[in-house]
Amino acid sequence: MNYISLMEEKLDRELFEHCLGTAKAAAELAERYGVDSEKAYLAGIVHDYAKSLSGQKLLELADRLQVPLDPITRQQHKLLHAPVGAVLLEKELGISDPDILKAVAFHTTGHDGMSTFEKVLYLADYIEENRQFEGVEEIRKAAKSDLDLALLTAVDRAIQSILDRYLMLHPNSVAFRNSLLKKLADENKL
Ligand code: FE
Ligand code: FE
């Protein structure tokens, strides 16, 4: 299956460009940090498969496909496209690779003890070439030398933005941050 043209048809231009950028960044990070870069490219291409669906539609799908959702994900519609998207990738596109499905399912919140592959997608989504925000260059630079340090900066910024907008913070994001802090402290990097 040609996932690139499939996504190009499914998504609007901006979101499609974001997926291409994420794929490219994910492949680069994968290469650097020793995980399968072709697989990372594919994960990047498809990671926002469900992003253009409405919150209502995503909830309907989650219920129909019996995707287990915690109450915060249920309320925060922005979070839904990740776990529901992962299930749709499996059911609609036949993607069965567990690394890809898990990385997609957790690309918005992260979780405790993310694998390197999952981290690569999370960070790629954050720093891909179309992203423009104050400080993105610093994170891009950090991403070239230390995956976890770069992620800590990205996660902190993501959490801060959730706080600034009075949105509910998902406990998995806190768990992800704590696990990064612990790993970095154990490695004397903080
Ligand atoms: Fe997303
Ligand atoms: Fe994305």
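Which residues is T109 in contact with, leaving aside its neighbours within four places in sequence? In this predicted model, the partners are L79, Y122, H170, N172, S173 and F176. T109 itself sits in the loop between α7 (98-105) and α8. Its relative accessible area is 6%, so T109 counts as buried, the cut-off being under 20%.

The metal site comes next. The iron ion (ligand 1) takes its protein donors from D48 through OD, from H81 through NE2 and from H107 through NE2, and these lie 2.1 Å from the ion. Written along the sequence, the spacing of the donor residues is D-x32-H-x25-H. D48 belongs to the loop between α3 (37-46) and α4 (55-64), while H81 belongs to helix α6 (residues 77-93), so this pair ties together parts that are 33 residues apart in sequence. A second iron ion, ligand 2, is 3.3 Å from ligand 1, and D48 coordinates both. As for solvent access, D48 has a relative accessibility of 1% and counts as buried. H81 is buried too, with a relative accessible area of 5%.

From the metal site the description moves to the nonpolar interior. In soluble globular proteins, nonpolar side chains tend to be buried together. Here the largest nonpolar core holds 60 residues, and the members that touch the most others are M7, V46, L89, I95, L123 and I139. V46 can be followed in detail: not counting residues up to four places away in sequence, V46 touches Y3, M7, L89, I95 and I100. Of these partners, M7, L89 and I95 are also among the core members with the most contacts.

Helix α3 also contains A43. At 1% relative accessibility, A43 counts as buried. Once neighbours within four places in sequence are set aside, A43 is in contact with I100, V104, F117 and L121. I100 is thus listed as a partner of A43 and also as a partner of V46. The C-alpha atoms of A43 and L101 are separated by 8.1 Å, although the two residues are 58 apart along the chain.

How do helices α8 and α9 pack, in terms of angle and axis separation, and what is the angle between them? Helix α8 (residues 116-127) and helix α9 (residues 136-145) pack at about 145 degrees, and their axes are 10 Å apart. The crossing of α8 past α9 is left-handed. On the α8 side the contact is made by L123, Y126 and I127, and on the α9 side by V136, I139, R140 and A143. By class, the residues of this contact are six nonpolar, no polar and one charged. L123 and I139 take part in this contact, and both are also named among the core residues that touch the most other members.

Two residues outside the helices deserve a look at their backbone angles. Q66, in the loop between α4 and α5 (71-75), has a positive phi of about 55 degrees although it is not a glycine. N188, in the segment after α11 (171-186), likewise has a positive phi of about 55 degrees without being a glycine. Are these two residues buried or exposed? Q66 is exposed, with a relative accessible area of 69%, and N188 is exposed as well, at 70%.

Note on methods. Residues are numbered from 1 along each chain as its sequence is written. Chains are lettered from A and ligands numbered from 1 in the order in which they are written. This is a predicted model: local features need pLDDT of at least 70, side-chain atom pairs count only at pLDDT 80 or more; totals for chains, interfaces and linings use all residues. Side-chain values use heavy atoms; hydrogens and water are left out. Donors are N, O and S atoms within 2.8 Å of the metal (3.2 Å for Na, K and Ca); water is not among the atoms, so sites may look incomplete. Helices (H or I, at least four residues) and strands (E, at least two) are DSSP runs, numbered from the N terminus. Buried means under 20% relative accessible area, exposed over 50%, partly exposed in between (1.4 Å probe, protein chains only). A nonpolar core is a set of buried Ala, Val, Leu, Ile, Met, Phe, Trp, Tyr and Cys residues joined through side-chain atoms within 4.5 Å. Contact means heavy atoms within 4.5 Å. Axes are lines fitted to C-alpha atoms, for helices over the stretch in contact, and angles run from 0 to 180 degrees between N-to-C directions. A crossing is left-handed if the near helix is turned anticlockwise from the far one by less than a right angle, and right-handed if clockwise. Ala, Val, Leu, Ile, Met, Phe, Trp, Tyr, Cys and Pro count as nonpolar, Asp, Glu, Lys and Arg as charged, and the others, Gly among them, as polar.
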